[in-house]
Amino acid sequence: MKVAVLGAGFQGVCVALELAKQGIACDLYDQGGVPITQAGLINEGKIHLGYVYGKDPTLKTARKMLKGALTFHEYLNRWMDFDSATVKFSRPFKYLVHKDSILELEQSDSYFANLEMLYEEMMGNSGLTYLGLNDHFFFEKVTDLDGYSDEIVASYQTIERSVDPLDVASGLRREVMQSDLIYFLGHHLVQKVEAKGNVYAVRSSNANSSPVKEYSHLINCLWGGRYKIDRDLGLDMNDSIIVRYKVAIHLTLRNTHDLPSFTIIQGPFGDLVNFTKNRIYLSWYPSCMIGIADATNQPNWDDLLSDSRRDQILNESLTRLGAIMPELPEVICQRSIQTKKIEGGLICARGREDITSTDSDLHHRYEIGLHSVGDYHSVDTGKYSMAPYFAVQVVKRITG
Ligand SMILES: Cc1cc2nc3c(=O)[nH]c(=O)nc-3n(C[C@H](O)[C@H](O)[C@H](O)COP(=O)(O)OP(=O)(O)OC[C@H]3O[C@@H](n4cnc5c(N)ncnc54)[C@H](O)[C@@H]3O)c2cc1C
């Protein structure tokens with residue numbers, strides 16, 4: 001078996017490490033010089049329990065998210081030392097209901113209650129834990145809205161957390177570099193893949209290595225770069241995929257602070273993640289979502305982000321989140337910011353309209369996962385929180 005994994009993002013790295021765990025060697029391709037430099041690094045790190053998918057009352061999306069969330073801790077521990085001592089976990093999220101939410105308050109209440117039943121059903125006697133923690137409730141409705149402006153009409157305390165994707169990336173990179181079974185081909189831009197009889201020929205550009213190599217099995221984890229290869233190999237599912245370029249704001253502050261992590265639902269609002277130890281992630285969707293395109297016709301996304309645009313996005317996000325939480329501008333302001341990293345990353349999902357439309361397919365994500373033809377497997381990660389789960393699934397598919 002000669003295996004190539006295309007893309008050394010979070011998804012590709014999890015696949016390569018699971019292959020190695022099963023004793024299978026692979027070539028791991030990436031255009032970058034080190035693994036995990038794109039969406040898998042800059043994202044918010046939220047390990048979704050489904051709270052944000054209230055526009056899918058069938059709970060199909062929630063069921064899928066729960067599979068990823070409830071195996072995340074166990075699977076990541078197969079490949080690195082992963083717990084709250086090695087990786088920063090955020091404070092648990094509050095979900096804040098905005099007065100302009102596209103979901104009625106009663107719908108949110110009943111969605112959260114149904115989600116809790118699903119969570120309990122899936123936990124059952126499975127022995128699974130959410131992030132290795134031992135929380136005693138799933139959500140609680142909070143009646144006290146002190147601290148928020150009148151834009152917020154309800155609030156739920158949840159157990160959902162983010163894990164710091166920077167810490168996860170450094171742990172996994174170390175494991176990839178130490179593995180005898182993973183051959184990392186950095187600075188290899190994958191240009192074309194062809195099926196030739198029983199083999200797949202991968203053409204990549206790199207001055208120091210042969211431009212074409214052949215493999216018996218191919219796993220495509222290129223995220224935004226997946227679609228052209230899928231189409232060439234007969235998996236044409238691209239007609240309704242939209243790719244959004246969303247900016248992530250990572251800050252370290254000079255002082256510790258006591259802000260909650262929160263997500264504002266349901267619609268084009270924002271988030272704040274308190275990773276503790278001075279580290280903050282924040283985003284205001286209308287300012288941070290700066291590009292949208294068809295999957296097979298993507299521009300050069302990095303051209304969208306000049307230094308002045310980055311500062312503008314930071315200022316707008318702080319202003320809008322500050323209007324919702326008046327305490328915020330005192331804690332996060334130019335004086336208190338020690339370092340800032342403002343980068344964009346891709347979000348690829350089935351849909352034709354942005355989340356402002358109540359009917360948009362972006363409000364559900366249950367079709368994500370593995371798509372295969374022959375020994376070619378394409379992984380639609382969908383969410384950071386799903387990558388370890390899909391990595392184990394795709395390796396099972398290969399090993400039978
Ligand atoms: C701002 C933002 C916030 C997000 N927040 C969350 C969150 O809180 N929770 C959550 O679950 N999900 C979140 N997501 C989604 C999540 O980040 C992605 O679903 C997931 O990280 C994608 O998988 P990946 O890490 O492998 O992608 P990437 O990190 O993009 O990896 C793909 C790799 O393929 C390489 N590549 C692409 N094309 C080529 C080519 N032709 N040749 C060679 N290499 C190539 C890239 O260099 C890259 O390393 C967020 C996304 C963004 C952008």
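In this predicted model, Ser 357 comes out as partly exposed, with 14 other C-beta atoms within 10 Å. That count falls between the cut-offs, since a residue needs 20 or more such neighbours to be buried and 12 or fewer to be exposed. Ser 357 sits in the loop that links strand E16 (337-350) to E17. Along the chain, 253 residues separate Ser 357 from Glu 104, yet in space the two are 15 Å apart, C-alpha to C-alpha.

Turning to the helices, H1 (residues 10-21) is a good place to start. Of its 12 residues, 11 are buried, so H1 is largely enclosed by the rest of the structure. The buried set runs through Phe 10, Gln 11, Gly 12, Val 13, Cys 14, Val 15, Ala 16, Leu 17, Glu 18, Leu 19 and Ala 20. As for length, 12 residues at 1.5 Å a residue should span 16 Å, and the end C-alpha atoms of H1 are indeed 16 Å apart. Just past the helix, Gly 23 adopts a positive phi of about 80°.

H1 packs on helix H5 (residues 165-178), with the axes 10 Å apart and an angle of about 45° between them. Angles from 65 to 115 degrees would count as roughly perpendicular and those under 35 as roughly parallel, so H1 and H5 are oblique to each other. Their crossing is left-handed. On the H1 side the contact uses Val 13, Ala 16 and Leu 17, while H5 brings Leu 172, Glu 175 and Val 176. Sorted by class, the contact of H1 with H5 holds 5 nonpolar residues, no polar ones and 1 charged. As a general point, an α-helix has 3.6 residues a turn, so residues three or four places apart point the same way.

Helix H3 (residues 60-79) has two helix partners to describe here. With helix H4 (residues 105-123), the packing angle is about 45° and the axes are 11 Å apart. H3 and H4 are therefore oblique to each other, and H3 passes H4 in a right-handed crossing. From H3, the residues involved are Ala 62, Arg 63, Leu 66 and Leu 70; they meet Leu 115, Leu 118, Tyr 119 and Met 122 of H4. This contact of H3 with H4 breaks down into 7 nonpolar, no polar and 1 charged residues.

The other partner is helix H10 (residues 387-399), whose axis comes within 7 Å of that of H3, the two crossing at roughly 75°. That makes H3 roughly perpendicular to H10. Here H3 offers Lys 67, Gly 68, Thr 71, Phe 72, Tyr 75 and Leu 76, and these meet Pro 388, Tyr 389 and Val 392 in H10. The class tally for the contact of H3 with H10 is 6 nonpolar, 2 polar and 1 charged.

H10 itself has 13 residues and reaches 18 Å from its first C-alpha to its last, close to the 18 Å expected at 1.5 Å a residue. Buried positions in H10 are Ala 387, Pro 388, Tyr 389, Phe 390, Ala 391, Val 394 and Val 395. These buried residues of H10 pack against H1 and H3, and also against strands E10 (217-220), E17 (369-373) and E18 (376-380). Just after H10, Gly 400 takes a positive phi of about 75°.

Definitions and conventions: Residues numbered from 1 in each chain as written. Predicted model: local features only at pLDDT ≥ 70, side-chain atom pairs only at ≥ 80, totals over all residues. Axes fitted to C-alpha atoms, helices over the stretch in contact; angles between N-to-C directions. Helix = DSSP H or I, 4+ residues; strand = E, 2+ residues; numbered from the N terminus. Parallel < 35°, antiparallel > 145°, perpendicular 65-115°, else oblique. Left-handed = near helix turned anticlockwise from the far one by under 90°. Contact = placed C-beta atoms within 7 Å. Nonpolar A, V, L, I, M, F, W, Y, C, P; charged D, E, K, R; others polar. Expected span 1.5 Å × (residues − 1).
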